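Student: I am new to this structure and would be grateful for a close look at a single part of it. Please begin with the model as shown below.

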Amino acid sequence: MTQAHLHDRLFTDPQPDAGGKNFLDALSPDSLKVVTAVVEPSLAAAKPDQKFQFERHGYFVADRTDHGVGGKVVFNRVTGLKDSWGK
């Protein structure tokens, strides 16, 4: 089973501490989503920190800590292909 960690913005506000706001109130509960992914079997042999583009999803890197340990296949999204933040 392949896991993909989809990291998103940590804060819901582009300026979480501006104007005396408490930045903890702006933490996004959706900043990390862990999903099951379907990838080519050859990616199980990827080295930690090896980078890939998953078509139509973004750029991913094999996890430094968990990828390959006990047969786990874990990738972290580095960046998506489209981002509307700040528009």
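Student: How many bridges join β1 to β5, and do the two strands run parallel or antiparallel? Please describe the sheet around this pair with care, together with the loops that adjoin it.

Tutor: The model is predicted, and the description that follows should be read in that light. The strands β1 and β5 run parallel and are joined by four bridges. Within this pairing, Ala 4 of the one strand stands opposite Phe 75 in β5.

The pair belongs to an open sheet of five strands, arranged in the order β2-β1-β5-β4-β3, with mixed pairing. The edges of the sheet are formed by β2 and β3, each of which pairs on one side only. On average, neighbouring strands of the sheet are turned by 35° against each other, when direction is ignored. In general, the strands of a sheet pair through backbone hydrogen bonds, and they may do so in parallel or antiparallel fashion.

Consider next the neighbours on either side of the pair. The strand β1 is joined to β2 by six bridges, and these two run antiparallel. Ala 4 appears here again, since it stands opposite Val 35 in β2. The strand β5 is joined to β4 by four bridges, and this pairing is likewise antiparallel. Here Phe 75 in β5 is the bridge partner of Ala 62. Phe 75 also stands opposite Ala 4.

The strand β1 covers residues 2-7, and His 7 is found in it. His 7 has a relative accessibility of 40% and therefore counts as partly exposed. Leaving out residues up to four places away in sequence, His 7 touches Ser 31, Leu 32, Asn 76 and Arg 77. Although 27 residues separate His 7 from Val 34 in sequence, their C-alpha atoms are 8.7 Å apart in space.

One of the residues touched by His 7, namely Ser 31, lies in the loop between β1 and β2. With a relative accessible area of 17%, Ser 31 is buried, because the term applies to values under 20%. When neighbours within four places in sequence are set aside, Ser 31 is in contact with Leu 6, His 7, Asp 8, Arg 9 and Leu 10.

Two of these contacts of Ser 31, Asp 8 and Arg 9, are also linked to each other. Their side chains meet in a salt bridge, with 3.6 Å from N to O. Both partners count as partly exposed: Arg 9 has a relative accessibility of 31%, and Asp 8 one of 42%.

Leu 10, another contact of Ser 31, takes part in a nonpolar surface patch. Together with Phe 23, Leu 24 and Leu 27, Leu 10 makes a patch of about 360 Å². Phe 23 is found in the loop between β1 and β2, and its relative accessibility of 40% means that it counts as partly exposed.

The count of salt bridges in the model comes to three. Besides the pair of Asp 8 and Arg 9, Lys 21 forms a salt bridge with Asp 13, where the closest N and O atoms are 2.5 Å apart. Lys 21 is partly exposed at a relative accessible area of 40%, and Asp 13 is partly exposed at 22%.

A further salt bridge joins the side chains of Arg 64 and Asp 49, at 2.9 Å from N to O. Arg 64 lies in the loop between β4 (58-62) and β5 (73-79), whereas Asp 49 lies in the loop between β2 (32-37) and β3 (51-54), so this pair ties together parts that are 15 residues apart in sequence. Arg 64 counts as exposed, at 65% relative accessibility, while Asp 49 counts as partly exposed, at 32%.

The backbone of Asp 49 also deserves attention. Most residues other than glycine have a negative phi. Asp 49, which is not a glycine, has a positive phi of about 75°. Arg 56 likewise has a positive phi, near 65°, and is a residue other than glycine. Arg 56 is placed in the loop between β3 and β4, and with a relative accessible area of 73% it is exposed.

Terms used: Residues are numbered from 1 along each chain as its sequence is written. This is a predicted model: local features need pLDDT of at least 70, side-chain atom pairs count only at pLDDT 80 or more; totals for chains, interfaces and linings use all residues. Side-chain values use heavy atoms; hydrogens and water are left out. Buried means under 20% relative accessible area, exposed over 50%, partly exposed in between (1.4 Å probe, protein chains only). Contact means heavy atoms within 4.5 Å. A salt bridge is a side-chain nitrogen of Lys or Arg within 4 Å of a carboxyl oxygen of Asp or Glu. Patches are made of residues with over 30% relative accessible area and no salt bridge: like charges are joined within 9 Å, nonpolar side chains (Val, Leu, Ile, Met, Phe, Trp, Tyr) within 5 Å. Accessible areas come from the Shrake-Rupley method with a 1.4 Å probe; for residues, only the protein chains shown count as cover. Two strands pair if DSSP finds at least two bridges between them. Axes are lines fitted to C-alpha atoms, for helices over the stretch in contact, and angles run from 0 to 180 degrees between N-to-C directions.
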